[in-house]
Amino acid sequence: MNKRQPMPLQDKEKRKNNFNEVALGYDLNHVQIEAKRCLNCKDPKCVNACPVNVNIPQFIQAIVNKHFEEAYQLIYKDNILPSICGRVCPQENQCEGACILGIKSEPVSIGALERFLGDYALSNECLTCETIEDNHQKVAVIGSGPAGLSFSAAIRRMGYTTDVFEALHDYGGVLRYGIPEFRLPKAIVNQEINRLKSLGIQFHKNIIVGKTITIDQLMEEYHYQAIFVATGAGLPRALNIPGENLNGVFFANEYLTRVNLMKAYEFPNQPTPIKIGETVCVIGGGNVAMDAARVAKRLGSKEVFILYRRDMHSLPARREEIDHAIEEGIDFRLLLNPVEFIGEDYQVKQIRAEVMMLGEKDASGRRRPLPTGKFKSFNVDSVVVAIGQSPNPILKKTTKNLKVDGRGRIQVNGCQTSIPGVFAGGDIVTGAATVIEAMGAGKCAAIEIDTYIKNAN
Ligand code: FAD
Ligand code: SF4
């Protein structure tokens, strides 16, 4: 049996200085070798482990037979964003984590094959036209992240007039404003969204539902028969320690939005710079923290370090992202919990952190960090706080009877909220999760809304 084909990468010394994509994708040769590793299992565990149940062995066999367009169609019917998922899904915890080959050897590189097909379809303009018969019923979607996009495609294919309302000036949610260019080129996001537009989905930007217009108005004045709320979890979580509002302390969402959506990384070609200085500390250990640190390196900071309160083993980020961050010279300062930001003239200058030690396992299965009473200080020019996101409370505040839990997540039964005709899915329901889980929720909601509208008629 051949070994798993490694993903070709941009040179680590060069990539520290540019925002070009790091993972370069398989060529035809890699694709054929990798596809032939699949055992075409009778009971393929990979399929159930995929939140949208793509028929993985079937598309891989089509690759083996060099029927790339057919292979692509087999994915696309269940996953409308293969080029994106192939790049950003945590496959090691999903399809690849369940692949039978992984027991004794290395799993099939399902994500890399998916990415190849997605890109093949985009560059060969494979069958982007679908014939859809309108049923003259209309639904509204709030938010254009992966949950909203996946829902829109599924419901539009059933014939519904589909209007997507997005608060920002561009579409894609975290795919657009959060995940940096070097992991997910925005040209790919644009192409995937254009494909959805070609299905007849209508996109409306700069509309904050709850402010520009309310859910009640959408239903009562604009007569949408159902609404899918997919507003994500974009509200940053704060450390709530002294000095957090000093200049130079950013929340990861704001910082990444300024770099990605506002294109600070293209300054001076774009008029929107971001000043972060020579020494940058990123607080947190997830994918968002890795993205923030790797962005800082590329913006020219000399010293970029991650401050995390547990050990290396407990970092929640994807292994691949951690490895890439290490290769790019990001320093990990572990078992440290920030307690204060110290500034001069309102500008952050130093972080004081308590040294931690690990105790017994907590509910997350990781060993709990415990204070030691010892402290360390680090000089910094700026800090990025990346310790998690919560749902924005605007919809709850402006929508009567919308039930949320103590953490602001919309409560649902299936996808049905406490308001008849209003459904929800993605991060707004689960809290910060993954692209493919949000897409899975969008697909389920489309089926529920179709049933709801048919029963109401
Ligand atoms: P979002 O993607 O957050 O989209 C919500 C959309 O709703 C946004 O466009 C927002 O502007 C809009 N909106 C919000 N409120 C309103 C309103 N009132 N009116 C109108 N529009 C509104 N997951 C992975 O699987 N792999 C990764 O590598 C990965 N990396 C990540 C990196 C970062 C920096 C971040 C922040 C997250 C990452 N995630 C990753 C998580 C993943 O992106 C999310 O789980 C996913 O995007 C959730 O999709 P969603 O559609 O629920 O919400
Ligand atoms: Fe192929 Fe692995 Fe899925 Fe089996 S579990 S069908 S080997 S990808």
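This is a short talk on the surroundings of the two ligands in a predicted model.

Hi everyone, thanks for coming. Let's begin with ligand 1. Where does ligand 1 lie? Residues of the shell around it come from both domain 2, which spans 138-234 + 391-456, and domain 3, which is 235-389, so ligand 1 lies between the two. On the level of helices, α9 (146-157), α14 (287-298) and α18 (435-456) each contribute at least two residues to that shell.

Who are the neighbours? There are 34 residues around ligand 1, and the ones that come nearest are Val88, Glu166, Arg183, Val209 and Asp427. If you sort the shell by character, you get 20 nonpolar, 10 polar and 4 charged residues.

Now for some distances, which I suspect you have been waiting for. Aspartate 427 has a polar backbone atom 2.9 Å from an oxygen atom of ligand 1. For valine 435, a polar backbone atom is likewise found 2.9 Å from an oxygen atom of the ligand. With alanine 433, the distance from a polar backbone atom to an oxygen atom of ligand 1 is 3.1 Å. And how much of ligand 1 does the protein cover? On its own, ligand 1 has 1000 Å² of accessible area, and the protein covers 94% of that.

On to ligand 2. Around it we find Cys38, Leu39, Cys41, Pro44, Cys46, Pro57, Cys99, Ile100, Val108 and Ile110. How does that shell divide? It has 10 nonpolar residues, with no polar and no charged ones.

That's my tour; happy to chat about either site afterwards!

Terms used: Residues numbered from 1 in each chain as written. Chains lettered and ligands numbered in written order. Predicted model: local features only at pLDDT ≥ 70, side-chain atom pairs only at ≥ 80, totals over all residues. Heavy atoms only, no water. Near = heavy atom within 4 Å. Polar contact = N/O pair within 3.5 Å; in protein donor to acceptor, adjacent residues only side chain to side chain. Areas by Shrake-Rupley, 256 points an atom, 1.4 Å probe, with all protein chains shown as cover. Helix = DSSP H or I, 4+ residues; strand = E, 2+ residues; numbered from the N terminus. Nonpolar A, V, L, I, M, F, W, Y, C, P; charged D, E, K, R; others polar. Domains from an automatic or database assignment.
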